[in-house]
Amino acid sequence: QVRLVESGGGLVQPGGSLRLSCAASGNIFSVDAMGWYRQAPGKQRELVATIVSGGATNYADSVKGRFTISRDNAKNMVYLQINGLKPEDTAVYYCNMGITDWATRSTTNYWGQGTQVTVSS
C-alpha cells in the first residue's frame with residue numbers, strides 16, 4: 001500500500017517563506033512525475049509545479065520566480081520551497097506522484113492528504 005504524507009504548511013505573513021515536504025512510502029518500484037497542486041476555498045484544484053524523474057520542472061505562471069520544486073529520488077520525496085508568499089497563495093497544498101508498484105509493476109497516480117498554507121497579516 002502506497003501512502004503520501006505532506007508536511008510544512010502553516011500560517012505565514014505576506015512576504016514570508018515556507019518549505020513543504022511530501023514523502024512516499026510503501027511497495028515502491030519507481031516514481032515518475034512528482035508535483036504539487038493547490039485548492040483554495042471555492043475554487044478548483046490547480047497545478048502549482050511538477051518535476052519529472054530526470055529533473056525537468058514546470059510551474060504555473062502565478063508562482064514562477066517564487067516557488068521552487070525539487071525531489072530526492074533516493075528518499076522518494078518531493079519539496080516545494082515557497083518564497084514571497086501572497087494572500088492569494090492561501091490554499092490546501094497537495095502532493096501528487098506517479099508510482100510504479102514493486103510487485104505488480106503497474107503505475108498509479110497517488111495524492112497526499114493535503115497541508116494548509118495560510119498567508120495573512
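Y110 lies in strand β10, where a strand is a DSSP run of E with at least two residues, numbered from the N terminus. The structure is a predicted model, in which local features need pLDDT of at least 70 and side-chain atom pairs count only at pLDDT 80 or more, while totals for chains, interfaces and linings use all residues. Residues are numbered from 1 along each chain as its sequence is written, and side-chain values use heavy atoms, with hydrogens and water left out.

**Exercise 1.** Determine which burial class Y110 falls into, and list what Y110 touches.

*Solution.* Begin with the classes: buried means under 20% relative accessible area, exposed means over 50%, and partly exposed lies in between, with a 1.4 Å probe and protein chains only. Y110 has a relative accessibility of 23%, and therefore counts as partly exposed. Next take the contacts, defined by heavy atoms within 4.5 Å: when residues up to four places away in sequence are not counted, Y110 touches V2, L4, C95, N96, M97 and I99. Finally, for a distance, the C-alpha atoms of Y110 and V92 are 16 Å apart in space, with their positions 18 residues apart in sequence numbering.

**Exercise 2.** Describe how β9 and β10 pair, and find the residue with a positive phi in their hairpin.

*Solution.* Two strands pair if DSSP finds at least two bridges between them. Strand β9 (residues 91-101) and strand β10 (residues 107-111) are joined by five bridges in the antiparallel sense. Within this pairing, N96 stands opposite W111 of β10. Five residues lie between the strands of the hairpin, and there R105 takes a positive phi near 60°.

**Exercise 3.** Identify the disulfide and place its two cysteines.

*Solution.* The criterion is a pair of cysteine sulfur atoms within 2.5 Å, and by this rule the count comes to one disulfide. C22 is joined to C95, with an S to S distance of 1.9 Å. The pair links distant parts of the chain, since C22 belongs to strand β3 (residues 18-25) and C95 to strand β9, 73 residues apart. Both C22 and C95 are buried.

**Exercise 4.** Establish whether R38 is buried or exposed, and name the side chains with which R38 makes polar contacts.

*Solution.* R38 is found in strand β4 (residues 28-39). The relative accessible area of R38 is 6%, so R38 is buried. A polar contact is a pair of N or O atoms within 3.5 Å; within protein, one must be able to donate a hydrogen and the other to accept it, and residues adjacent in sequence count only if both atoms are side-chain atoms. The side chain of R38 makes such a contact of 2.7 Å with that of E46, and another of 2.9 Å with that of Y93.

Conventions. Helices (H or I, at least four residues) and strands (E, at least two) are DSSP runs, numbered from the N terminus.
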